[in-house]
Amino acid sequence: MCWCGSNIASTVDLDRVQKAVEKLTNVVHVEQNKYTCSEPGQAQIVAGIREHNLDRVVVAACSPRMHEKTFQRTVAKAGLNPYLLEIANIREHCSWVHTSVEEATPKAIDLLRAAVAKVIRNTPLTTSTIPVEKRALVIGGGIAGIQAALDIADAGHQVVLVEKEPTIGGRMAQLDKTFPTLDCSACILTPKMVDAAQHPKIRLLTYAEIEEVGGYIGNFEVTIRKKARSVNEDVCTGCGICWSKCPSKAPNEFDCGLGERKAIYIPFPQAVPNKPVIDRENCRYFTKGKCGVCKKVCPAGAVDFEQEDELLRERFGAIVVATGYELFDHSVYGEYGYGKYPDVITGLEFERLINASGPTGGKLKRPSDGKIPKTVVFVKCVGSRDEAKGFPYCSRTCCMYTAKQAILLREKMPEAEAYVFYMDVRTPGKGYEEFYTRATEEFGVNYLRGRVARIYPKGDQLVVRGEDTLVGAQVEIEADLVVLATAMVARRDAAELAQRIGFSYDQYHFFTEAHPKLRPVETNTAGVFLAGACQGPKDIPDTVAQASAAAVKVAMLFSRDELETNPMVATVDEGTCSGCEWCKPTCPYGAIDIKTIEERVGKRTVSRRVATVNTGLCQGCGACTVACRSGAMNLKGFTNEQILAEVEAICL
Amino acid sequence: MAVVNLTEIVRNRKEFIDEVEKHGGKNVNSCYQCGKCSAGCPVSYAMDYQPRQVMRMVQLGMKDKVLSTSTIWLCAHCMTCTTRCPREVDIAGVMEALRMICRKENRPIRERKVPLFHDLFLDIIRKGGRQHEFQLAARYKIATGNLFQDVDLGRRMFFQGKLRLFGPKVKGAESVRKIFEKCKELEGDVQ
Amino acid sequence: MRYAYYPGCSLEGTAKEYDLSTRATFRALGIELEELPDWSCCGASSAHTTNHLLAVALPTRNLVIAEKQGLDLVAPCAACFNRLVTAQHKMEQDARLKGKVEQVVEGEYQGTVKVKAVLEVLATDFGVEKVREMVTKPLKGLRVASYYGCLLVRPPEVTKFDDPENPTTMDALVEASGAEAVMWPHKTECCGGSFAFARVDIVEKLSNDILAAAKSNGADCIATACPLCQANLDMRQKAIEKQFGTTYNMPIYYITELLGLALGLEPRSLGLGTHMVESLRLLREKELA
Amino acid sequence: MSVERAGTGVSTAGWEPKIIGFCCNWCSYAGADLAGTSRIPYPCNIRIIRVPCSGRVNPQFVLRAFQRGADGVLVAGCHPGDCHYSTGNYFTRRRFLLVKRLLEYLGIEPRRFQVRWISGSEGQKFADVVAEITEQVKALGPAKMDKMRDVM
């Protein structure tokens, strides 16, 4: 029993406590100590264990959250299993919150009685170790995935970077300029793409998807589907003859369908790898059986129509998920024309139209008739902050990208007028508010506070009707082009991927971090980390920061050869388990599986299904123990028997 | 505009908001003042305050002010606002609730002719079971003293057979009268 | 096909041609209508702006009668339609209100009758394609702006009819009649509705916006399915022209008048010719009547 | 085993209720610690049992507490959405709505049993909750659990 100087001793009459505790069954020795956590205090415990041949220890002191680990090490020094120790919290929960000795002393006795009742039911627990496979899988080759892969690789570990599209680069590659500095997106991204491709520790798997994930931290088993590219990457030199000669055209996804590409193509000139892919749905050879021009002209003989999807099985110690986002589909807004007015475009489409390598060569021509717009209206919060038709959350990046686009417009075409309809302008980033101020003051962008009620065509223009809520009047603008700042939303296959890997996602299908403040890049599944907008709307600086943070977490994990597992895990009494599987869905970690065991009943051997706990995945929350109807599930360190004993000891 | 002292007003706002919600105005506190309602309101131009401003006054509990606006009477109940509201606030329903509260408390009404019309309309149904447009027009004109409004139109309609001088006869007129009485009994007459 | 028919007060007076043409067109298509016995007024906007209970009780009296008749109910007037479905919606949401209303109307409300607008019966129940097949005199060359107004489409969760921003049911029927449906943006803008008496100026401004939009999008005429809309656009058109210094001369037809015509019915039998804006001249010019 | 409960049938003068608090390790136990480090006083009637998660609290523990003579039980966990194990407290929430009704059925006033969300930063809230539940249990008087003795 610790005095903690006068912290405990002044409020709890420890002598009285000692007298009461000495009488308890199983209690052999009680002693007091001025500062138990100090070096001599700990030595006293070790000496006590040895002298009295103790096999259980209770320390009555401060909160176990403070010194449980300390005292576990102390008893281990005396050769005792560290889990044969219990702490009675008589400081935070007693002496510090009660003022009178008459109140605090009986309570301290109760707390000690409970700790004694529990500790006699403690059993030795051992941590086991699992080996760590020091290879990381990064899913998604946008800026988040590239950054995470580069950082992990620079820390000296092998990385496989899997990207669904034929090239890495992601959304950032589609952008024209980046806020708040207005540097060209491609200029800062493409060097990183090349770095990733040339890094000796990084292996790029583009045009590939995750098929299956099994295992657990340190030991994931992943199946990757490498889709048939119809081009042998090892042989192809990326010379470009094939796509210059290809006769079939299709809308270019990279340009949001505003321009065209060939059926054999690279998405954009700086694509990495610079190897084309055949879009079989639009290729004449595959649709009509005739053509084969690309194969004929390829000097390297790289075109391979017979190529098939390939399944790769790989082992990884950690996974970084960086799958990014999609844009909200604004066709649900009837008041904005159901996505049918060609001159009502999204912010991303605007990026392509104003980009020098875009479908218009950087000349902002509107999609309907190629006219150069003189009046452009930007509408913010389309699909975001809208419970009725979109999502309630703020999409976080739109205020800044809209300001940027308005600036780009005014910079390129000073004769064009820019209007921005906004509800709030949110600029909480370094240099962001200054950037927004430049938009209004230096570039003369007209900001109007109010949500647009309606957009409708009038002649070859679009009437945008809103309220300027600061004036309190309806306003109308006859616009040539309307740009909707559509919200960032989770990818449509996000939930499926999360289920496949086995971690959780929120109601909007964004991936859930382990703790919203303190564990922002971990998932609740050990060994799986998050980077970028797959976790929630995010701009480039935040994405890169999170990607590097995820990389550090991976590197931390890989700094060890083996991992100690948490010994306080769930355990199944197979004898009483009825195989009802009620425990399974309560487990947030997917740690419970069902296995079949053979049993002898009389002379026969019968097989029976029972639950089994994967101790690598179990985090010891105990939810399954309560779901278990037959009481077969228990939690080591917090067993039913231990907790009931505490209850009874307190109620005595 | 005079300074609005919110100290007392805000203290009592819950009571007022509850009253508005009891009369059918849903989710008043969800409004975040985006202005989409006012931007799409066809009658906004004739109102002294935008529907959005009315919503704000309700949120703050500015009962006297909001009940003296013309807006609540000029709402045509076209429900464009309610249909488009991103926060699923029934703005048209709030307007309706405010009108009812205004009449219940016998407060001065900014657009007197609007409720006058509705009162005459209902009075004719109460007595005859169905509407009678000729009677409605005639009584409205007498009540407003504007006898010559649309006289020419009336004459042309009469000759097209569109104005019947005598009202329809409904056998169940009596049962309709009873419905009026019971509603008055249960909800209180607000006319 | 048989329906109970709830004409509503307007169709006995200012909108009698809507009544005539609905009955005639339905007869021509072989859809039977059985007038709701002893129906009474739905209370229109006046009831729901005054007393909540009354606003539900007045339509419910008619719904109870319809339930006894055992047929789905057609309400040509958009205001009646809206009040009837709103009453149904409110009682569905609130069992206590339902009990109170039943007490007031002294009858039991089951919720078994479906209330339908004329457009829904024609386009969905009967079928646009079948209408097209039965057209004998296609309205070639007529450019029609379909005007739906507020009460058919809003609020969508109550009316459950078409789309609140860009409905197309009437356009499909217009096309089926052989006429051309004009694309225009003011299909569901408000005409001012019940302000026809108290604030004529508002009705004139709003109706002018609608007429102007129809004209600038190349329409010859407007088709409606609401007596209030028709009245405001038709009866007020002269005054609007004077007020805004413009000329429209734009006939405002009921959709049933146009369909009846396409089905080969006599213009007079549809009530054509009783509009305030000359309605036959345009048809004659296009050699349709 | 039969345990005689002190105070049964005795006048309640000078009686102090005994309340058991199950606190999850990550939020509520930490909240109680914070109340301590901030020296926020609260009634001494509560005895805290540490559990990893409020979802670990089996209704059996609650029933046993009442059976053995506790006058009140508090289950405290992380706020919904903040669970360290992501979903544990959702189970708690659903489970204990039922337990309240079971207690009522057993003749125990449901107010003797409360579930609260207290985060690790809410020391004051922890103290307030304890004060509140103590007050309420005091008002209810000693729990009468004679009928349930040792049926479990």
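## Exercises on a predicted model: chains A, B and C

Between chain C and chain A there is 1 salt bridge. The model is a predicted one, and the exercises below start from that contact.

**Exercise 1.** Identify the residues of the salt bridge between chains C and A, and describe the contact around them.

*Solution.*
Step 1. Look for a Lys or Arg nitrogen within 4 Å of an Asp or Glu carboxyl oxygen. The pair is C:Glu189 and A:Arg454, with 2.9 Å between the closest N and O atoms.
Step 2. Count the polar contacts: 3 residue pairs across the interface of chain C and chain A qualify, both partners at pLDDT 80 or more.
Step 3. Sort the chain C side that touches chain A by class: 3 residues are charged, 2 polar and 1 nonpolar.
Step 4. Count the residues and the area. Chain C gives 6 residues and chain A gives 6 residues. About 550 Å² is buried between the two chains, and carbon and sulfur atoms give 45% of this.

**Exercise 2.** Describe the interface of chain C and chain B by area, polar pairs and contributing elements.

*Solution.*
Step 1. Start with the extent: 60 residues of chain B are in contact with 58 residues of chain C. The buried area is about 5,400 Å², with 60% from carbon and sulfur atoms. On the chain C side, C:Thr50, C:Phe197 and C:Met276 lose the most area to chain B, together 13% of what that side buries.
Step 2. Find the charged pairs: there are 6 salt bridges across this interface. One of them joins B:Arg130 to C:Glu12, at 2.8 Å from N to O.
Step 3. Add the polar contacts, 22 residue pairs with both at pLDDT 80 or more.
Step 4. Assign the chain C side to elements. Those giving two or more residues include α1 (16-29), α5 (95-105) and α10 (200-216) of chain C. The largest share, 6 residues, comes from α3(C).
Step 5. Sort that side by class: 26 nonpolar, 18 polar and 14 charged residues.
Step 6. Check the partner: chain B has 12 helices and 0 strands. The C-alpha atoms of chain B fill a box of roughly 60 × 40 × 30 Å along the principal axes.

**Exercise 3.** Give the strand order of the 5-stranded open sheet in chain A and find its edges.

*Solution.*
Step 1. Follow the pairing, which is parallel: the order is β8-β5-β4-β16-β27.
Step 2. Pick the strands that pair on one side only, namely β8 (202-205) and β27 (528-530) of chain A.
Step 3. Read the twist, which averages 20 degrees from one strand to the next.
Step 4. Examine one pairing: β5 (residues 158-162) of chain A is joined to β8(A) by 4 bridges. Within this pairing, A:Val162 has A:Leu205 as its bridge partner in β8(A).

Key
Residues numbered from 1 in each chain as written. Chains lettered and ligands numbered in written order. Predicted model: local features only at pLDDT ≥ 70, side-chain atom pairs only at ≥ 80, totals over all residues. Heavy atoms only, no water. Pairing = 2+ DSSP bridges. Axes fitted to C-alpha atoms, helices over the stretch in contact; angles between N-to-C directions. Contact = heavy atoms within 4.5 Å. Buried area = accessible area lost by both parts, 1.4 Å probe. Salt bridge = Lys/Arg side-chain N within 4 Å of Asp/Glu carboxyl O. Polar contact = N/O pair within 3.5 Å; in protein donor to acceptor, adjacent residues only side chain to side chain. Nonpolar A, V, L, I, M, F, W, Y, C, P; charged D, E, K, R; others polar.
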